[in-house]
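Work through these exercises with the sequence and the 3D view open. Try each task before reading its solution.

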Amino acid sequence: MLPFLFLFAIIPAFGGDFFRDDFSRFPPGVLSAPVGQLNGAIQEYHYIAYRGVPTAPWRNPIVHEDAWLAGDEDGKTYLEQHTIVTDNRYHPLFVTGDEEWTNYAVEAKVRPLSYKDIAGIVFRYRTSRHYYHFVLENGSAARLALRLPEDEQFRKSAWKVLAAKPFPYDVKRWYTLRVETAGPRIRALIDGQVVLEASDASILKGQAGLTARHPARFTDFRVAMDDAALAAMQSRVTARETELVKLRSANPQPVLWKRFDTNGWGAGRNVRFGDLDGDGRLDMLFAQNNPRVRADGFDTISCLTAVTLEGKILWQVGRPNPASGLVTNDTPFQIHDLDGDGKQEIVLVRDFQLQVLDGRSGKLLRWAWMPKALPNNRDELPYELNSGDAIAFVNLTGKGPREILIKDRYRGFWVYDSQLKFLWEGRAQTGHYPYPFDVDGDGKQEFVIGYGLWNHLGKALWAHDEKMKDHPDAISMGNYSGDPNGPVRAYICGSDEGLVVIGKEGQIFKQLRIGHTQTQSVAKYRDDVKGLQLMIANFWRNPGIVTVLDADARILDQKELTPGSTHLSPVNWRGDGIEYALLSGNIREGGMVDGHLRRVVMFPDDGHPDLAYHVADVTGDPRDEIILWDRKSVWIYTQDRAAAVKQVYKPRRNPDYNDSNYRATVSLP
């Protein structure tokens, strides 16, 4: 991706400004197309570059909100934030620029259309949770404040007010807001008059843009920088890009290995991987769905298509529908050798039945009725029998992962044996997906579900469900310290509760309110930090922020990297023991990042899909391949060169038979 610096070079400068925009290139109307039935969660684990109008070099960081529209007033073009936001967790934002912008002046004409809340400009923007703003507020004041990246209270953003003063304003006129920065010094002006001054060194550089929480209009956005600051910024950007070129050239490049079309039976991230035909190689199982009741609570599997990685159809059950939608939830199906005979089965919930299908043919082997449904978290109960939400396999007897755990959304779970005999059930704030782990080393797995740890007999050993006000999105458990005698902990991405770290005895070790933590991966991402590292991506109300942490949940790095969220799947790309995390297959906003959040591997501009991905070794080399797909085709990439090491690293991952759109991916040495 070219640095923004070069994009700005084509824009005519005036009066020392090196960037300006009156938004005239945007067509009238909302810039992003509403997602309708699929809802904003579509971007939790699907990559979508934009919905509606391409906005580069601008972007809407809160991608699940359709907050921005363009229009004309008396022949003058404007951008309008047209939504009413009462949620304390976020502010609508529209930003541009480079993280290296520093010592600059930013200016825009602003017309609040309401006397409620705020409207103004943002500067030194790092993420949607860490930036400064200068705003008109509640019809009567001007305020200069810093958004703090970590909150102290549940669902209430933290701010540091730097300066404020009374300033009555009128919704019938435009105001020119301007901020000038020099090192820690900040000066804020309205219509050319200084109204506020402050000094704060929390952030000294970053992007710039617009913000409002009630309707407001903006035009004539300008950024200026003196010659010395501009030259210094250009030098830093050049050094960064030079380093990236060096890092990327030292890595194997992705080259196409195989591709095939899906011919109407494709799906989004609703695919499973396993050896269905018994030939020792991975196959793919695509599941299409029929949405029911509402967007993401009760959809059912409508068609299953099993294919090889050459695109050969092994079998198909149900009628394919090319218009089948993208899921914004898990659907209950997995590939697993359920009875240990060396042959894969399909275990799924369909038509209110728990079913087992033959992996080679798709034929029904056995089934049992699902249990009585529980009202969900919205107290909806459209069906008497449970539709299922996700399936996980756990080893409760010491004989292997033969027990079937089925959960709903989000109140209960049920456990069956391999013959579909009901064993026991539990109630919890289940969240999205459990994590099995043998805590006591007796060969039988316990599992974390919600904020609790359950044993093989169906007893909750500890639970914090009642203390936590939002459900878990991704869970892992283990000793990631690098010390064999180090602590075993559960790491729970608790949505708006942030990251919650709990010791194996149930004591809460740490809680970081760093936003809506959505996805999690664990791997050896950095060689300068002991043990394994966690990567966490945020979604709701602060999407695309990626945080790197050590085993003690100390933040090592944090950046806003991608629209939406991402699985951050670990990739054993080099085979040397240090892994990368995959953002997406997109040629600009995707690629693989290292433990310093640098995009060190990018994909070629060859027309490949980038909606969804899976990471797996499919060529026999212990290094990983990348499987990219959308509803029309599948493309598989491998490395363009042999591994540079003799002993190629082969990590242990949580198994494909416990796949989920929400699972934490753990990659152990």
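**Exercise 1. Find the partners of a central strand pair, then place them in their sheet.**

Solution.
Step 1. Start with β18 (residues 283-290) and β19 (residues 300-308): these strands pair in the antiparallel sense over eight bridges.
Step 2. Pick one bridge. Phe 286 has Thr 305 in β19 as its bridge partner.
Step 3. Widen the view. The order β17-β18-β19-β20 makes an open sheet of four strands, with antiparallel pairing.
Step 4. Look at the edges. β17 (271-274) and β20 (313-318) each have a single partner strand, so one side of each lacks a neighbour in the sheet.
Step 5. Add the twist. From one strand to the next it averages 15 degrees.

**Exercise 2. Decide how far the coordinates can be read.**

Solution.
Step 1. The model is predicted.
Step 2. Take the overall confidence. The mean pLDDT of the protein is 95, and 97% of its residues reach 70 or more.
Step 3. Check the start of the chain. Over residues 1-15 pLDDT stays under 50, and the model has 27 contacts for them beyond four places in sequence.
Step 4. Apply the rule. Predicted coordinates should not be read in detail where pLDDT is low.

**Exercise 3. Describe the surroundings of strand β38 and the directions of its side chains.**

Solution.
Step 1. β38 covers residues 533-538, and six of its six residues are buried.
Step 2. Sort the side chains. In a regular strand they alternate between the two faces of the sheet. Here Gln 533, Met 535 and Ala 537 point one way, while Leu 534, Ile 536 and Asn 538 point the other way.
Step 3. Find one neighbour. β37 (residues 517-523) pairs with β38 in the antiparallel sense over six bridges. Ala 523 stands opposite Gln 533.
Step 4. Find another neighbour. β39 (residues 545-549) pairs with β38 over four bridges, also in the antiparallel sense. Val 548 in β39 is the bridge partner of Met 535.
Step 5. Inspect the turn. The hairpin of β38 and β39 has six residues between the strands, and Arg 541 takes a positive phi near 70 degrees there.

**Exercise 4. Test whether the span of helix α2 fits its residue count, and examine its N-terminal end.**

Solution.
Step 1. α2 runs over residues 227-249, which is 23 residues.
Step 2. Compare the spans. At 1.5 Å a residue, α2 should span 33 Å; its end C-alpha atoms are 33 Å apart, so the two agree.
Step 3. List buried positions in α2. Among them are Ala 229, Leu 230, Met 233 and Val 237. Charged names such as Arg 240, Glu 241 and Arg 248 are also buried.
Step 4. Look at the N-terminal end. Asp 226 caps it, with a side-chain oxygen 3.2 Å from the backbone nitrogen of Ala 228.

**Exercise 5. Is Tyr 451 buried or exposed? Locate it and describe the sheet around its loop.**

Solution.
Step 1. Tyr 451 lies in the loop between β30 (446-449) and β31 (452-454).
Step 2. Its relative accessibility is 0%, so Tyr 451 counts as buried.
Step 3. Place the strands. β29-β30-β31-β32 is the order of an open sheet of four strands, with antiparallel pairing.
Step 4. Name the edges. β29 (435-437) and β32 (460-463) each have a single partner strand, so one side of each is without a neighbour in the sheet.
Step 5. Add the angle. Neighbouring strands are turned by 20 degrees against each other on average, direction ignored.
Step 6. Check one pair. Three bridges join β29 to β30, and Phe 437 stands opposite Glu 446 in β30.

Definitions and conventions:
Residues are numbered from 1 along each chain as its sequence is written. This is a predicted model: local features need pLDDT of at least 70, side-chain atom pairs count only at pLDDT 80 or more; totals for chains, interfaces and linings use all residues. Side-chain values use heavy atoms; hydrogens and water are left out. Buried means under 20% relative accessible area, exposed over 50%, partly exposed in between (1.4 Å probe, protein chains only). Helices (H or I, at least four residues) and strands (E, at least two) are DSSP runs, numbered from the N terminus. Two strands pair if DSSP finds at least two bridges between them. pLDDT is the predictor's confidence in each residue, from 0 to 100. Contact means heavy atoms within 4.5 Å. Axes are lines fitted to C-alpha atoms, for helices over the stretch in contact, and angles run from 0 to 180 degrees between N-to-C directions. The expected span of a helix is 1.5 Å times one less than its number of residues. A polar contact is a pair of N or O atoms within 3.5 Å; within protein, one must be able to donate a hydrogen and the other to accept it, and residues adjacent in sequence count only if both atoms are side-chain atoms.
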